[in-house]
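Visitor: Hi, I've just opened this one and could use a hand. Can you walk me through it?

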Amino acid sequence: MDCASRTATWSGSTASTSRYAARRFSGSSGRTNGAGKTTTIEILEGYRPRNAGDVSVLGVDPAHPNRAWRNRIGLVLQECELSPHYTVRETLSMFSRYFESPTDVEAVVALVGLVDKAGDRVAQLSGGQKRRLDVGLGLVGDPELLFLDEPTTGLDPSARREMWEMMEGLRDAGKTILLTTHYMDEAEHLADRIIILRQGEIVAQGTSGELRDSLGDVTHIAFRVRTDARLDLLGMEADISAHLDGVLVRIASKSVQADLGRVLHWADGQALELADLEVVRPTLDDVFVELAEAPPEEVRGQ
Amino acid sequence: MSDVSLAVAQTRYSVKGYLRDPSALVFTIIMPVVLLLLFNAIFHGNTLFDGIHVKSAAYYTASIIAYTIMLNGFGSLVIRIATDREAGQLKRYRGTPMPSWVYLFAEIGRSVVTIVVTSGVLLAVGALFYGVTVSGHMVVGLVVYVVVGTACFAALGLALARACPTTDSASAVGPFSTVVLAFLSGVFIPVAIMPAWLLDIGKVFPLEHLARGLQLAFLVPGSTGLTGTNLAVLVAWGAVGLLVAIRTFRWEPLAAGAC
């Protein structure tokens, strides 16, 4: 999938991105509504026209979607209800007929974890089960590329966890998936490659590790020690704060392995016990906040 | 699977959903039958039609069949399309390789099924309980008017769907316009006691011509009721509806009020 300097204007919002190529499992993430996720994904899905640039999805321009191309992609849309009168199996069977070489319906039922519910009407399903049926409808045509637009938004934590397990299963089965999400932990957990959009522009992309690295050196080593510990002998710059039972020490580290070795060596020499010792990497949420709060001209270079 | 067999399968699927929807059954089959019973109870005996005395029961059997064609072909079709569109179903269909016409074929096909079944029930009630005589000419007229009338109102339904962004607005506009036209077209009230100026307004619209055609077939011995004027008006309205539908039909949900 390639997008070359694409610009789209739709209902007053402008989206433009630089070239990117999707790997096996990409997550596209925007913290706020209006980040351009849905506009972008709907251009790629063949729903929306763009006003400039070149877009190619599976070698086809989605502005001119044809039937052969539709056979190769699967869509899971946001906010799309299903008729309550059909069973899970009936719904999937009907949709499977739309595609040239569909997957076996029972296999899809199993893949989305609805075996026990296959004979139940959609009206009887929970929100999470309906959302998994949505995913099943995206999968039933055996697509080469699956679009998942915010599949866990509005789900309770356990339904979200089940959805994650299902998506991990799809990833392990080798499906190429473009996932959009508000949740950074979701992108980090599921995506091989993450693209962060802000006001329709890519402000960062890469693996979760690369995104964290792009923040620079902010990994911390943290621990608690007795108040009489000889911190001066540590020989490292540290944030020290008084704590109920000791002193809390936070050390910003450029080289975690070496610095951790020095800390442990110092502690052994002093016969100190380090309580709550931890190495804290920045979370993707931190990356996100940083990108969301920085003015656009500062983040554009990343 | 060929597209034709896909269209048939989609129609069966739609009819299956209909049979599982009690409110749709009440609205599309039970209500016309109850109306027939009520009107026969209120206006029993004879009524004047084109200056001759005819049986009220035959008059109402023909009229309520016309009403059923508009109610199912137009009113409930508008509601279904607005509902499917508001729910994002049409958008979802649009994202599959299914040709768009398959969906429209199936929904109109579902209307045809309900119209044929309801018309059959109405005819049976008329014949069995009210002594309406069924003749060959009459059946020919009935079949042609069911086909032409359904096509006309389905096209108008597809056209009106654009103006009804939500299920709520479609549920108001579709049945309401059907009832208003039924009063203007001598469907609910016999033409003999209707003010002429109201009937003149009714003559502009297709329901009057469908009802009159069926009344001729049911009331005039040896007549199929197939007149050039009635058929021409139905075809003309249908053609206008089709042109508007082709130009304005929308698959994605419409913002409320975005008519």
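Visitor: How many residues of chain B are in contact with chain A?
Guide: On the chain B side there are 16 residues, and they are in contact with 18 residues of chain A. Keep in mind that this is a predicted model.

Visitor: Which helices of chain B supply residues to that side?
Guide: α1 (3-19) and α4 (89-94) of chain B each supply at least two residues of the side that touches chain A. The largest share comes from α1(B), with 4 residues.

Visitor: And how do the residues on that side divide by class?
Guide: The side of chain B that touches chain A divides into 7 nonpolar, 5 polar and 4 charged residues.

Visitor: OK, over to chain A. How many helices and strands are there in chain A?
Guide: Chain A has 11 helices and 13 strands. It runs to 302 residues, of which 37% count as buried. If you take the contacts in chain A with a separation of 6 or more, 68% of them link residues 24 or more positions apart.

Visitor: What's the average pLDDT for chain A?
Guide: The average is 80, and 84% of the residues score at least 70. Among the elements of chain A, helix α3 (residues 88-96) has the highest mean pLDDT, 97, while strand β2 (residues 13-17) has the lowest, 29.

Visitor: Where does the pLDDT of chain A drop below 50?
Guide: One such stretch is residues 3-24 of chain A, which has 61 contacts in the model beyond near neighbours in sequence. Another is residues 298-302 of chain A, with 6 contacts of that kind. Where pLDDT is low, the predicted coordinates should not be read in detail.

Visitor: Fair enough. What's the strand order in the open sheet of chain A?
Guide: The 4 strands of that sheet in chain A run in the order β11-β12-β10-β13, and the pairing is antiparallel. At the edges are β11 and β13 (275-280) of chain A, each pairing on one side only. From one strand to the next, the twist averages 15°.

Visitor: Which helix packs on the sheet?
Guide: That's helix α9 (residues 256-270) of chain A, which touches β10 (220-225), β12 and β13 of chain A. The direction of α9(A) makes about 15° with that of β10(A).

Visitor: Back to β11(A). Is it buried or in the open?
Guide: Strand β11 (residues 239-243) of chain A has 5 residues and the number buried is 0, so it lies largely in the open.

Visitor: How does β11(A) pair with β12(A)?
Guide: β11(A) and strand β12 (residues 246-252) of chain A pair in the antiparallel sense over 5 bridges. A hairpin joins the two strands through 2 residues. As for bridge partners in β12(A), D239(A) has R250(A) and A242(A) has V247(A).

Visitor: One last topic: at what angle do α9(B) and α10(B) cross?
Guide: Helix α9 (residues 206-219) and helix α10 (residues 228-248) of chain B cross at roughly 145°, and their axes come within 9 Å. The crossing is left-handed.

Visitor: Which residues make the contact?
Guide: From α9(B) you have P206(B), H209(B), L210(B), R212(B) and G213(B). From α10(B) come T229(B), N230(B), V233(B), L234(B) and W237(B). By class, the contact of α9(B) with α10(B) has 5 nonpolar, 4 polar and 1 charged residues.

Technical notes:
Residues are numbered from 1 along each chain as its sequence is written. Chains are lettered from A and ligands numbered from 1 in the order in which they are written. This is a predicted model: local features need pLDDT of at least 70, side-chain atom pairs count only at pLDDT 80 or more; totals for chains, interfaces and linings use all residues. Axes are lines fitted to C-alpha atoms, for helices over the stretch in contact, and angles run from 0 to 180 degrees between N-to-C directions. A crossing is left-handed if the near helix is turned anticlockwise from the far one by less than a right angle, and right-handed if clockwise. Two residues are in contact if their C-beta atoms, placed from the backbone, lie within 7 Å. Ala, Val, Leu, Ile, Met, Phe, Trp, Tyr, Cys and Pro count as nonpolar, Asp, Glu, Lys and Arg as charged, and the others, Gly among them, as polar. A residue is buried if 20 or more other C-beta atoms lie within 10 Å of its own, exposed if 12 or fewer, and partly exposed in between; C-beta atoms are placed from the backbone. Two strands pair if DSSP finds at least two bridges between them. pLDDT is the predictor's confidence in each residue, from 0 to 100.
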